[in-house]
Amino acid sequence: MDKRLSYGLLIIVAVVLMGSAGNIWSCGPVQVQGLLLVDGTSSIGSSDGNGSGDIYRYEFTLYNSGGEDIFITTVEPVLRQSPYIASSQASVSRELNRLVAAGSSVTVNGTIELSAANISKEEIVDLEPILYVNVSSIRSIPYFRH
């Protein structure tokens, strides 16, 4: 009887520990602070109205979720490798030179030239030329006098 009680208690303790193991090691949701891309839209249209070229227009919002202001120098959408993208990587880089206060946002927009004469509208829509966005910023650190 003593052995059965010991085994029973051991099983109960093991089940309780296994059930709470996920909660013991979990740190909960992680708060991300700094610049976040929170919103974005895009459209495709003709560049000059007569159908000789296509333009991918984009607009996205960067939100400063941190507690400190951030000075953004450049924003550069990184382009997908595709024979249908006519814009160069250097041509889509934008100098912003703007201070984004903590808790505020900034909107960035631009265009990407496409050479999509031989593909369907569905293929143009599925192209999604921007892979991710590189953001360069300057952070000022106070200088302490001795």
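**View 1. Asn97 is partly exposed in this predicted model.** The relative accessible area of Asn97 is 45%; buried would mean under 20%, exposed over 50%, and partly exposed lies in between, with a 1.4 Å probe and protein chains only. Have a look at the backbone too: phi of Asn97 is near 45 degrees, a positive value in a residue other than glycine. Asn97 sits in strand 4, residues 94–100 (strands are DSSP runs of E with at least two residues, helices are runs of H or I with at least four, and both are numbered from the N terminus).

**View 2. Glu128 has a positive phi in a loop.** Although Glu128 is not a glycine, its phi is about 40 degrees. The loop in question runs between helix 2 (121–126) and strand 6 (130–138). With 49% relative accessibility, Glu128 is partly exposed.

**View 3. An open sheet is formed by 3 strands.** Their order is 1-2-5, with antiparallel pairing (two strands pair if DSSP finds at least two bridges between them). Strand 1 (35–46) and strand 5 (105–114) each have a single partner strand, so one side of each has no neighbour in the sheet. From one strand to the next, the twist averages 15 degrees (axes are lines fitted to C-alpha atoms, and angles between N-to-C directions run from 0 to 180 degrees).

**View 4. Strand 1 meets strand 2 in the antiparallel sense.** Strand 2 covers residues 54–64, and the pair shares 11 bridges. Here you can find Ser46 opposite Asp54 in strand 2.

**Notes.** Residues are numbered from 1 along each chain as its sequence is written. Local features need pLDDT of at least 70 in this predicted model.

Note on methods:
Predicted model: local features only at pLDDT ≥ 70, side-chain atom pairs only at ≥ 80, totals over all residues. Heavy atoms only, no water.
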